[in-house]
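Look at the chain and its ligand before reading on. The paragraphs below go through the structure one part at a time.

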Amino acid sequence: MSWAPHPASNTATLLIPHNVTDGPKFCHECRTAGKGVHWVRVEELSEGLVVQLSYPRRISEYAAEVLRDVYALGVGEFAVERGQLVLLGKGFRNVVFLVETERGQAALKVRRDDAPSTSVGREATVHAAANRAGVGPLLLGSGEHSLLMGVVVGTPLHRWLPEASRDDVRAAVRKALMQCRALDLAGIDHGELARAHKHVLVTEGPEVKIIDFGAARFTPRPGNVASFLRYLLSREVKPLLVEKLGNLEIDLHLLREYKRTLSEEAFRAVLRSIGLA
Ligand SMILES: Nc1ncnc2c1ncn2[C@@H]1O[C@H](COP(=O)(O)OP(=O)(O)O)[C@@H](O)[C@H]1O
Ligand SMILES: [Mg+2]
């Protein structure tokens, strides 16, 4: 069977048209595909590769629906290694493929065929709102089952901490907290920052990227700063931080004041209390 391109389709929303080449670049996040990786044009994907779009059950009907998104989102090529589509990561609800678009490499996040819901509408809305608050990889577009976004080349915070210098740790934790605050101010709760293991990545700089808005929601009482602080104080992370920053006690009274007011003053007080301001 051949996979002819679908005619221009209205099943996807392209937030940033790929024919705009002088727009903001997201290539600083691009990963250079390693040796052994080659690129296969979407029209030339074999049936065996296309069916990999349906994970983990390899259902060809579902793969065909995802392929519609792929065309509508303007994905040109997939990275392939040893006969497999290259995965940037796997979650409980999604798999993330490395793809090429006219604007450069991108991450295609596709709902797994065994996810409770295979539609991405709500996630796309919250992810786009997070972007407007300056948080998260740039969302380039969304289809029925998939989201197209910038590639994040980073290391989960807890794995990055042991090797990092004191100054870098201070900078990264501070930036992570500022992004949590930006989400708080935008009325978005990320939903998974108390278990931030896979969702707060440190990139070159150090810069920080918060990913995965699959569990995020709009709420008048977001608790990102509080959740992320809870993560920093968790058994796995706190000892690593204490080693770099010295003792780390959070004044719960200050935190409650911040949660109540979301004021800059209260946020600064929280930062000061852990030696970050
Ligand atoms: N934009 C991205 N760039 C690079 N890797 C990503 C990107 N988004 C997700 N990943 C990888 O894929 C994994 C699963 O993605 P995630 O959004 O967390 O899916 P799920 O909602 O299923 O948890 C992440 O833990 C990460 O390793
Ligand atoms: Mg996840």
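Begin with a hairpin: β6 and β7 form one, with 2 residues between them. This is a predicted model, and everything that follows should be read with that in mind. In this hairpin, strand β7 takes up residues 104-111 and pairs with β6 in the antiparallel sense, over 8 bridges. One facing pair to look for is V96, which stands opposite K109 in β7.

Strand β6 also takes part in a hairpin with β5, where 3 residues lie between the two strands. Strand β5 covers residues 87-90, and its antiparallel pairing with β6 runs over 3 bridges. Here K90 has V95 of β6 as its bridge partner. A further neighbour is strand β3, residues 77-81, which runs antiparallel to β6 and is joined to it by 2 bridges. Within that pairing, F78 has V99 of β6 as its bridge partner.

Is β6 itself enclosed or open? Of its 8 residues, 94-101, 7 are buried, so the strand is largely enclosed by the rest of the structure. A residue counts as buried here when 20 or more other C-beta atoms lie within 10 Å of its own.

The next stop is the ligand. Which residues come nearest to ligand 1? There are 18 residues around it, and those that come nearest are G89, G91, N94, D212 and G214. The elements giving two or more residues to this shell are β5, β6 and β7, so the strands of the two hairpins described above appear again here. The largest share comes from β5, with 3 residues. By type, the shell has 9 nonpolar, 4 polar and 5 charged residues. Both domain 1 (13-149) and domain 2 (155-273) supply residues to the shell, at least three from each.

D212, one of the residues that come nearest to ligand 1, has a backbone feature to note. Its phi is positive, about 70°, although D212 is not a glycine. Most residues other than glycine have a negative phi, and most peptide bonds are trans. D212 is found in the loop between β13 and β14 (217-218). It counts as buried because it has 22 C-beta neighbours inside 10 Å.

L262 is another residue other than glycine with a positive phi, in this case near 50°. Its loop lies between α8 (252-261) and α9 (264-273). Is L262 buried or partly exposed? With 16 other C-beta atoms within 10 Å, L262 is partly exposed.

Peptide bonds can also be checked along the backbone. The bond from Y55 to P56 is cis, with omega near 0°, and P56 sits in the loop between α1 (47-50) and α2 (60-72). The bond from G205 to P206 is cis as well, again with omega near 0°. P206 is placed in the loop between β12 (200-203) and β13 (207-210).

The loop that holds P56 also holds Q52, since both lie between α1 and α2. Q52 has 22 C-beta neighbours inside 10 Å, so it counts as buried. Leaving out residues up to four places away in sequence, Q52 touches Q84 and L85. The C-alpha atoms of Q52 and A63 are 7.2 Å apart, while the two residues are 11 residues apart along the chain.

Now turn to a helix. Helix α5 is made of 20 residues, 166-185, and spans 29 Å from its first C-alpha to its last, close to the 28 Å expected at 1.5 Å a residue. Its buried residues include V169, A172, V173, A176, L177 and C180. An α-helix has 3.6 residues a turn, so residues three or four places apart point the same way. The list of buried residues in α5 goes on to L183 and D184, among others. After α5 comes G187, whose phi is positive, near 70°.

Finally, step back to the whole chain. It contains 9 helices and 14 strands. Of its 277 residues, 41% count as buried. Among contacts between residues at least 6 apart in sequence, 71% join residues at least 24 apart.

Technical notes: Residues are numbered from 1 along each chain as its sequence is written. Chains are lettered from A and ligands numbered from 1 in the order in which they are written. This is a predicted model: local features need pLDDT of at least 70, side-chain atom pairs count only at pLDDT 80 or more; totals for chains, interfaces and linings use all residues. A residue is buried if 20 or more other C-beta atoms lie within 10 Å of its own, exposed if 12 or fewer, and partly exposed in between; C-beta atoms are placed from the backbone. Helices (H or I, at least four residues) and strands (E, at least two) are DSSP runs, numbered from the N terminus. Two strands pair if DSSP finds at least two bridges between them. A residue is near a molecule or strand if its C-beta atom, placed from the backbone, lies within 6 Å of it. Ala, Val, Leu, Ile, Met, Phe, Trp, Tyr, Cys and Pro count as nonpolar, Asp, Glu, Lys and Arg as charged, and the others, Gly among them, as polar. Domain bounds come from an automatic or database domain assignment. Two residues are in contact if their C-beta atoms, placed from the backbone, lie within 7 Å. The expected span of a helix is 1.5 Å times one less than its number of residues.
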